[in-house]
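Visitor: I would like to learn how to read a model of this kind, feature by feature. Could we begin with a single position and work outwards?

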Amino acid sequence: MKFTATQIAGILEGEIIGNPEVEVSKLSKIEEGTEGSLTFLANPKYTPYIYSTKASITIVNKSFKLEHELSTTLIKVEDAYKSFSKLLEYYNQVKLHKVGIEQPVFLAESSNYGENIYIGAFTYIGENVKIGNNVKIYPNAYIGDNVTIGDNVVIFSGAKIYSESIVGNGCVIHSGCVIGADGFGFSPNENGEFQKVPQTGNVILEDHVDVGAGTTIDRATLGSTIIRKGVKLDNQIQIAHNVEIGENTVIAAQTGIAGSTKIGKNCMIGGQVGIVGHIIIGDRVKIQAQSGIGRNVKDDETLQGSPALNYGDYNKSYVHFKNLPKLVDKINQLDKSK
């Protein structure tokens with residue numbers, strides 16, 4: 001699919017400097033640009049590349065001033081980085097645009113769906129499923145009984161959404177996700193054997209939640225596991241039963257959150273963080289990668305380490321930890337001198 005500089009400038013409300021009819025069909029980094037590609041310049045340290053890039057079109061800030069001749073056509077905008085991101089989103093929408101129901105598909109008679117829908121081949125859609133408008137479900141997806149899916153949702157191939165789950169508007173669920181599997185609930189009997197505790201709740205994803213590939217979100221034992229509006233989850237995250245994650249919180253890959261923990265709004269949680277169950281984490285909390293959280297956390301705390309400390313305390317402690325062998329040597333020398 002090709003776009004001219006005129007078409008791109010129209011989308012971005014930009015000004016063209018150069019050939020308005022030049023065409024591009026791919027995206028590139030500015031230092032790796034080739035003929036027929038589109039790139040952008042936002043970071044000043046990459047400015048020298050604009051004079052050598054072979055990219056056909058380069059998006060730049062309106063403040064950019066030419067110092068030498070160049071071969072690339074410029075599109076000047078208010079913010080090159082934001083405009084390029086906007087263009088990527090538009091490109092993605094065009095690339096992923098599909099409509100219709102492929103065959104074979106199993107679609108239960110009691111299910112219903114809205115307009116402008118795409119359902120890929122080998123998808124299973126169970127009883128009483130409700131699907132909104134402009135939904136795209138890619139091949140080999142599984143949608144269990146009584147699932148509700150809002151408008152403008154994208155479900156990539158191989159995702160599994162168990163029964164009773166609710167998916168809000170504008171959500172993106174990537175390949176390999178499992179939403180609504182049983183929580184890890186077992187109780188020992190008098191013989192020391194573990195018996196399963198039925199998991200009868202569900203999972204609720206509110207609007208504009210992104211779930212990365214391979215992430216698992218367990219259904220509640222009772223009630224709901226809730227992922228609030230605007231939450232962004234990276235790949236390979238485990239969220240246990242009855243967890244609640246507040247609005248606009250972001251969580252990086254390989255984090256594990258144990259059952260019934262409540263996480264506040266606008267938190268930032270790094271990769272490989274482990275969080276115990278039945279605690280409350282406040283709003284705007286920042287947790288550094290590989291930290292272990294075993295207690296309640298107040299609003300606006302920044303934590304690091306395992307068990308986690310206040311970020312400043314951790315850094316001070318780490319200085320002493322690095323010097324520990326020297327301190328031990330000094331203590332040994334003092335003992336010998338007695």
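Visitor: Where is Val243 found, and is Val243 buried or exposed?

Guide: In this predicted model, Val243 is found in the loop between β29 (238–239) and β30 (244–245). A residue counts as buried when its relative accessible area is under 20%, and Val243, with a relative accessible area of 0%, is therefore buried.

Visitor: Which residues is Val243 in contact with, leaving aside its neighbours within four places in sequence?

Guide: With those neighbours left aside, Val243 is in contact with Thr225 and Ile226, and also with Ile257, Ala258, Gly259, Ser260 and Thr261. Separation in space can be read beside separation in sequence: Val243 and Ile143 are 100 residues apart along the chain, and their C-alpha atoms are separated by 22 Å.

Visitor: What does His278 touch, not counting residues up to four places away in sequence?

Guide: His278 touches Gly259, Ser260 and Thr261, three residues that are also in the list of contacts of Val243. The place of His278 is in the loop between β35 (274–275) and β36 (280–281). Because its relative accessible area is 66%, and exposed means over 50%, His278 counts as exposed. His278 and Val154, which are 124 residues apart in sequence, lie 32 Å apart in space from C-alpha to C-alpha.

Visitor: What is the value of phi at His278, and what is it at Asn134?

Guide: Phi of His278 is near 60 degrees, a positive value in a residue other than glycine. Phi of Asn134 is likewise near 60 degrees and positive, again in a residue other than glycine. Asn134 lies in the loop between β13 (130–131) and β14 (136–137), and with 30% relative accessibility it counts as partly exposed.

Visitor: While we are on the backbone, which residues does a cis peptide bond join?

Guide: The angle to read here is omega, and for the cis peptide bond that joins Gln103 and Pro104 omega is about 5 degrees. Pro104 has its place in the loop between β8 (100–101) and β9 (106–107).

Visitor: How should I read a residue in a strand, and in which strand is Asn202 found?

Guide: One can take its place, its accessibility and its contacts in turn. Asn202 is found in strand β24 (residues 202–205), and it is buried, with a relative accessible area of 10%. Leaving aside neighbours within four places in sequence, Asn202 is in contact with Glu164 and Ile166, with Arg219 and Ala220, and with Gly223, Ser224 and Thr225. Thr225 is also among the contacts of Val243. Between Asn202 and Asp182, 20 residues apart in sequence, the distance from C-alpha to C-alpha is 9.1 Å.

Visitor: What general idea should I bring to the helices?

Guide: An α-helix has 3.6 residues a turn, so residues three or four places apart point the same way. Tyr314 lies in helix α3 (residues 311–322) and, at 23% relative accessibility, counts as partly exposed. The C-alpha atoms of Tyr314 and Gln304, 10 residues apart along the chain, are separated by 6.4 Å.

Visitor: How many residues of α4 are buried, and how far does the helix reach?

Guide: Helix α4 (residues 324–337) has 14 residues and reaches 20 Å from its first C-alpha to its last, which is close to the 20 Å expected at 1.5 Å a residue. The number of its 14 residues that are buried is 0, so α4 lies largely in the open.

Visitor: What can be said about the protein chain taken whole, beginning with how many helices and strands it has?

Guide: The protein chain has 4 helices and 40 strands. Its radius of gyration is 26 Å, whereas a compact globule of 338 residues would have one near 20 Å. Along the principal axes, the C-alpha atoms fill a box of roughly 80 × 80 × 30 Å. Of the 338 residues, 40% count as buried, and among contacts between residues at least 6 apart in sequence, 17% join residues at least 24 apart. The accessible surface comes to about 18100 Å², of which 52% belongs to carbon and sulfur atoms. As for charge, the chain has 32 positive and 36 negative side chains, and the centres of the two sets lie 8 Å apart.

Conventions:
Residues are numbered from 1 along each chain as its sequence is written. This is a predicted model: local features need pLDDT of at least 70, side-chain atom pairs count only at pLDDT 80 or more; totals for chains, interfaces and linings use all residues. Side-chain values use heavy atoms; hydrogens and water are left out. Helices (H or I, at least four residues) and strands (E, at least two) are DSSP runs, numbered from the N terminus. The radius of gyration is taken over C-alpha atoms; the globule rule is 2.2 Å times the number of residues to the power 0.38. Buried means under 20% relative accessible area, exposed over 50%, partly exposed in between (1.4 Å probe, protein chains only). Contact means heavy atoms within 4.5 Å. Accessible areas come from the Shrake-Rupley method with a 1.4 Å probe; for residues, only the protein chains shown count as cover. Lys and Arg count as positive and Asp and Glu as negative; His and the chain ends are not counted. The place of a charge is taken as NZ of Lys, CZ of Arg, CG of Asp or CD of Glu. The expected span of a helix is 1.5 Å times one less than its number of residues.
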